[in-house]
Amino acid sequence: PRPRRGYSAETGARLRYPLILVICWTFPTINRLQQVFQHGEPIFGLYVMTTLTKNLMGLLNALAFASTPAVRREWVSLLGIGAAPDEAKLGMVGNDGSPRKSLEMAPVSAPADADAEAGLEDVDLGGPVD
């Protein structure tokens with residue numbers, strides 16, 4: 001078979017990080033060069049762009065990481081989005097392995113003398129009864 005043309009999702013994710021680096025460090029680099037060659041004449045807008053892009057780098061890196069296929073698959077499996085949830089984890093499977101129709105709990109019936117069998121009895125603590 002012929003090799004696929006273009007980038008895979010993993011390659012695209014790997015290329016985002018250098019791109020983010022170049023974008024976020026462009027204005028700080030220009031600002032530093034401007035300070036070297038025109039000392040004493042700062043440009044306010046350049047300082048603003050430097051501050052914004054340097055601080056944006058962390059957010060962009062986090063978004064690039066979150067958009068990788070492995071992280072998306074993990075979020076999908078954690079949240080159960082787009083795939084059938086694991087019914088056993090949700091309690092949708094009974095003890096016998098048969099599927100339940102709802103999440104309602106099956107009624108639990110205890111024998112009438114369960115307290116006596118457990119050795120529990122009413123004890124008078126001497127206080128008022130409400």
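This report covers the confidence, fold elements, selected residues and one surface patch of a predicted model.

## Confidence

The mean pLDDT of the chain is 75. Residues scoring at least 70 make up 55%. Confidence varies by element: H2 has the highest mean pLDDT, at 92. Helix H4, residues 87-90, has the lowest, at 48. Where pLDDT is low, the predicted coordinates should not be read in detail.

## Overall architecture

The chain has 5 helices and 0 strands. Read from the N terminus, the order is α-α-α-α-α. Helix H1 spans residues 9-37. Helix H2 covers residues 44-66, and helix H3 covers residues 69-79.

The chain holds 130 residues, of which 12% are buried. About 11,300 Å² of the chain is exposed. Carbon and sulfur atoms supply 63% of that area. Among contacts with a separation of 6 or more, 47% join residues 24 or more positions apart.

## Asparagine 31

Asparagine 31 sits in helix H1. Its relative accessibility is 5%, so asparagine 31 counts as buried; the cut-off is under 20%.

Which residues does asparagine 31 touch, leaving aside those up to four places away in sequence? They are Leu46, Tyr47 and Thr50. Helix H2 runs over residues 44-66, so these three partners fall within that range. Glycine 45 offers a backbone distance: its C-alpha atom is 9.8 Å from that of asparagine 31. The two residues are 14 positions apart along the chain.

## Methionine 57

Methionine 57 belongs to helix H2. Is methionine 57 buried or exposed? Methionine 57 is buried, because its relative accessible area is 19% and the limit is under 20%.

Setting aside residues up to four places away in sequence, methionine 57 touches Ile20, Leu21, Cys24 and Trp25. One of these, leucine 21, is 36 residues away in sequence. In space, the C-alpha atoms of methionine 57 and leucine 21 are 7.3 Å apart.

## Leucine 15

Leucine 15 is another residue of helix H1. At 45% relative accessibility, leucine 15 is partly exposed, because that class lies between the 20% and 50% cut-offs.

How far apart in space are leucine 15 and alanine 64, C-alpha to C-alpha? The distance is 9.6 Å. Along the sequence, 49 residues separate leucine 15 and alanine 64.

## A nonpolar surface patch

Five residues build a nonpolar patch on the surface: Trp75, Val76, Leu78, Leu79 and Ile81. Together they have about 520 Å² of accessible area. Tryptophan 75, one of the patch members, lies in helix H3.

Definitions and conventions: Residues are numbered from 1 along each chain as its sequence is written. This is a predicted model: local features need pLDDT of at least 70, side-chain atom pairs count only at pLDDT 80 or more; totals for chains, interfaces and linings use all residues. Side-chain values use heavy atoms; hydrogens and water are left out. Helices (H or I, at least four residues) and strands (E, at least two) are DSSP runs, numbered from the N terminus. Buried means under 20% relative accessible area, exposed over 50%, partly exposed in between (1.4 Å probe, protein chains only). Contact means heavy atoms within 4.5 Å. Patches are made of residues with over 30% relative accessible area and no salt bridge: like charges are joined within 9 Å, nonpolar side chains (Val, Leu, Ile, Met, Phe, Trp, Tyr) within 5 Å. Accessible areas come from the Shrake-Rupley method with a 1.4 Å probe; for residues, only the protein chains shown count as cover. A salt bridge is a side-chain nitrogen of Lys or Arg within 4 Å of a carboxyl oxygen of Asp or Glu. pLDDT is the predictor's confidence in each residue, from 0 to 100.
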